[in-house]
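Open your viewer and keep the selection panel at hand. The tour goes from one stop to the next.

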Amino acid sequence: TGKFFVGGNWKCNGTKESITKLVSDLNSAKLEADVDVVVAPPFVYIEQVKNTLTDRIEISAQNSWVGKGGAFTGEISADQLNDIGCKWVILGHSERRHVIGEDDQFIGKKAAYALSQGLGVMACIGEKLEEREAGKTFDVCYQQLKAFAGKFLDAVPSWDNVVIAYEPVWAIGTGKVATPVQAQEVHVAVRDWLRKNVSAEVASKTRIIYGGSVNGGNSAELAKQEDIDGFLVGGASLKGPEFATIINSSA
Ligand code: 13P
């Protein structure tokens, strides 16, 4: 599998002042060389972060529009993200699915367009607690992958710009992290799905990262699992030193 990958999803948090502090902490942190690191500030702070954060860390958006810009009030297009030097976008996040109501088809369309514009996509999947309890975890993940993959395969010949983030909904912002065994089991299933539905090569090189209550205390154990290729971190990515610990946890 590819290089370890750690994303920080800041969600709808921060002020000019708190972000100045976070950037300065990240700039002075010692980060392992062999890890891809990406942070996703709210849109309105991307420019500030881009102008002040070390080039060692790339910048992601947390969402993008389904297509080219135009008369779409309140939206931001992938073209505009490219224009300001933003390299990644998070799509299909649980909060966009379950709080804002985006469905698989809409998310797949966004992913296809973002990839066609050269952006990297962190493609998020994951089951709700009741789905896990009903034994539907794999089915839900496969369904969400299919919605992404159909579009990827239609639009883009290369999976190099795709990172899959497995984020069980019950683990997000709850302090209830998946156990290493629980996460590993789903990551293996995702990789098998890629092998069967895309190709052996894509299955072996695509990074599958885990998200949901990752912190400085639990990341090292998770990182030891064979199929956990990194993390997507929410709350703990707002604290520079702790985020650095997570970034370095595969070493
Ligand atoms: P927490 O790390 O706060 O649980 O959030 C995870 C997440 O949703 C990252 O995208």
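Which residues lie nearest the centre of the second largest pocket? Select Ser213, Val214, Gly234, Gly235 and Ala236. They belong to a lining of 17 residues.

Before moving on, some ground rules. This is a predicted model: local features need pLDDT of at least 70, side-chain atom pairs count only at pLDDT 80 or more, and totals for chains, interfaces and linings use all residues. Residues are numbered from 1 along each chain as its sequence is written, and side-chain values use heavy atoms, with hydrogens and water left out.

**Stop 1: the second largest pocket**

A pocket here is an open set of points on a 1 Å grid over the protein atoms alone, with protein on both sides within 12 Å along at least five of seven lines; a cavity is a set of points where a 1.4 Å probe fits but cannot get out; lining residues have an atom within 4 Å of a point. The second largest pocket holds about 220 Å³ of space. A volume is the space filled by probe spheres set on the points, which are joined across faces, edges and corners. Colour the lining by class: 5 nonpolar, 8 polar and 4 charged. Ala, Val, Leu, Ile, Met, Phe, Trp, Tyr, Cys and Pro count as nonpolar, Asp, Glu, Lys and Arg as charged, and the others, Gly among them, as polar.

**Stop 2: the ligand**

Now show the ligand. It takes up the space of the second largest pocket (more than half of its atoms lie within 2 Å of the grid points). Select its surroundings: 13 residues (a heavy atom within 4 Å), the closest being Lys11, His93, Gly173, Ser213 and Gly235. This shell has 4 nonpolar, 7 polar and 2 charged residues.

Next, draw the polar contacts (pairs of N or O atoms within 3.5 Å). All three below end on an oxygen atom of the ligand.

- His93: a side-chain N or O atom at 2.7 Å.
- Glu167: a polar side-chain atom at 3.0 Å.
- Ser213: a polar backbone atom at 2.8 Å.

The protein covers 94% of the 310 Å² of accessible area that the ligand has on its own (Shrake-Rupley method, 1.4 Å probe).

**Stop 3: the largest pocket**

Select Lys11, Cys12, Gln62, Asn63 and Arg96. Of 15 lining residues, these are closest to the centre of the largest pocket. Its volume is about 290 Å³. The lining has 8 nonpolar, 4 polar and 3 charged residues.

**Stop 4: the cavity**

The structure holds 1 cavity of 30 Å³ or more. It has about 40 Å³ of space. His93 and Glu167 are among its lining residues. α4 (94–98) gives the most, with 3 residues.

Note on methods
A polar contact is a pair of N or O atoms within 3.5 Å; within protein, one must be able to donate a hydrogen and the other to accept it, and residues adjacent in sequence count only if both atoms are side-chain atoms. Helices (H or I, at least four residues) and strands (E, at least two) are DSSP runs, numbered from the N terminus.
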